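Hi everyone, thanks for making time. I'd like to walk you through a structure that's probably new to most of you, so let's put it up on the screen.

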Amino acid sequence: MSSKKVTIQCEWLKDNRVLVNPDGQVWPCCYLGNHGFDNMHPIIREYVSKKDELNLFTNNNLCDIIQHDWFSKTLPDSWNSENPTNQCVEFCGNKK
């Protein structure tokens with residue numbers, strides 16, 4: 001059985017775009033309203049642990065939020081890991 005390499009090119013990063021849930025949480029575009037995301041994935045657990053820092057209602061500076069380590073380092077680093085999130089693979093991944 002052969003496995004295909006997935007190259008992830010994030011659509012939100014390409015367009016410098018994020019979306020905001022009605023509760024104020026700021027997410028990359030594919031996470032908004034996506035109730036199927038894996039709460040057990042390390043990237044999502046890290047987001048949840050920092051959710052107050054990534055919320056417009058508790059941290060009302062959107063520029064600071066999108067420059068937060070989770071958006072600028074943790075998420076992009078995950079694309080080259082052995083275990084990227086399913087959302088990134090499905091929505092922004094090119095299988096080769």
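I'll start with the overall layout, then go through one helix and its surroundings, and finish with two loop residues.

Before anything else, keep in mind that this is a predicted model. The chain has 96 residues, and 38% of them count as buried. Its secondary structure comes to 5 helices and 4 strands. If you walk along from the N terminus, the order of elements is β-α-β-β-α-α-α-α-β. And here's a number for how the chain folds back on itself: take the contacts between residues at least 6 apart in sequence, and 59% of those join residues at least 24 apart.

Okay, on to helix H4, which covers residues 69-78. Which of its residues are buried? They're Trp70, Phe71, Thr74, Leu75, Pro76 and Ser78. And what do those buried residues pack against? There are four helices on that list, H1 (11-14), H2 (42-49), H3 (62-66) and H5 (86-92), along with strand E3 (26-27).

Let's pick H2 out of that group. The axes of H2 and H4 come within 10 Å, and they cross at roughly 165 degrees. That makes H2 roughly antiparallel to H4, and the crossing is right-handed. On the H2 side, the contact is made by Ile43, Glu46 and Tyr47, while H4 brings in Trp70, Thr74, Leu75 and Ser78. Sort the residues of that contact by type and you get 4 nonpolar, 2 polar and 1 charged.

Now, salt bridges. How many does the structure hold? The count is 2. One of them involves Glu46, which we've just met in the contact with H4. Glu46 pairs with Lys50, and the closest N and O atoms are 3.8 Å apart. Glu46 is partly exposed, at 25% relative accessibility, and Lys50 is partly exposed too, with a relative accessible area of 25%.

There's also a salt bridge within H4, between Asp77 and Lys73, with the closest N and O atoms 3.7 Å apart. Why can those two pair up along the helix? Asp77 and Lys73 are 4 residues apart in H4, so about one helical turn separates them. As a general point, an α-helix has 3.6 residues a turn, so residues three or four places apart point the same way. Both partners are partly exposed: Asp77 has a relative accessibility of 45%, and Lys73 comes in at 49%.

Last stop, the loops. Val18 sits in the loop between H1 and strand E2 (19-20). Is Val18 buried or exposed? It's buried, with a relative accessible area of 18%, which falls under the 20% cut-off. Leaving aside neighbours within four places in sequence, Val18 is in contact with Trp12, Val26, Trp27, Leu62, Ile66 and Phe71. Phe71 is one of the buried residues of H4. Val18 and Phe71 are 53 residues apart along the chain, and their C-alpha atoms are separated by 10.0 Å.

The other loop residue is His41, between E3 and H2. His41 is buried as well, with a relative accessible area of 6%. Not counting residues up to four places away in sequence, His41 touches Asn83, Pro84 and Thr85. Along the chain, His41 and Thr85 are 44 residues apart, while their C-alpha atoms are separated by 6.9 Å.

That's the tour, thanks for listening.

How values were computed
Residues numbered from 1 in each chain as written. Predicted model: local features only at pLDDT ≥ 70, side-chain atom pairs only at ≥ 80, totals over all residues. Heavy atoms only, no water. Buried < 20%, exposed > 50% of the residue type's maximum accessible area, 1.4 Å probe, protein only. Contact = heavy atoms within 4.5 Å. Salt bridge = Lys/Arg side-chain N within 4 Å of Asp/Glu carboxyl O. Axes fitted to C-alpha atoms, helices over the stretch in contact; angles between N-to-C directions. Parallel < 35°, antiparallel > 145°, perpendicular 65-115°, else oblique. Left-handed = near helix turned anticlockwise from the far one by under 90°. Nonpolar A, V, L, I, M, F, W, Y, C, P; charged D, E, K, R; others polar.
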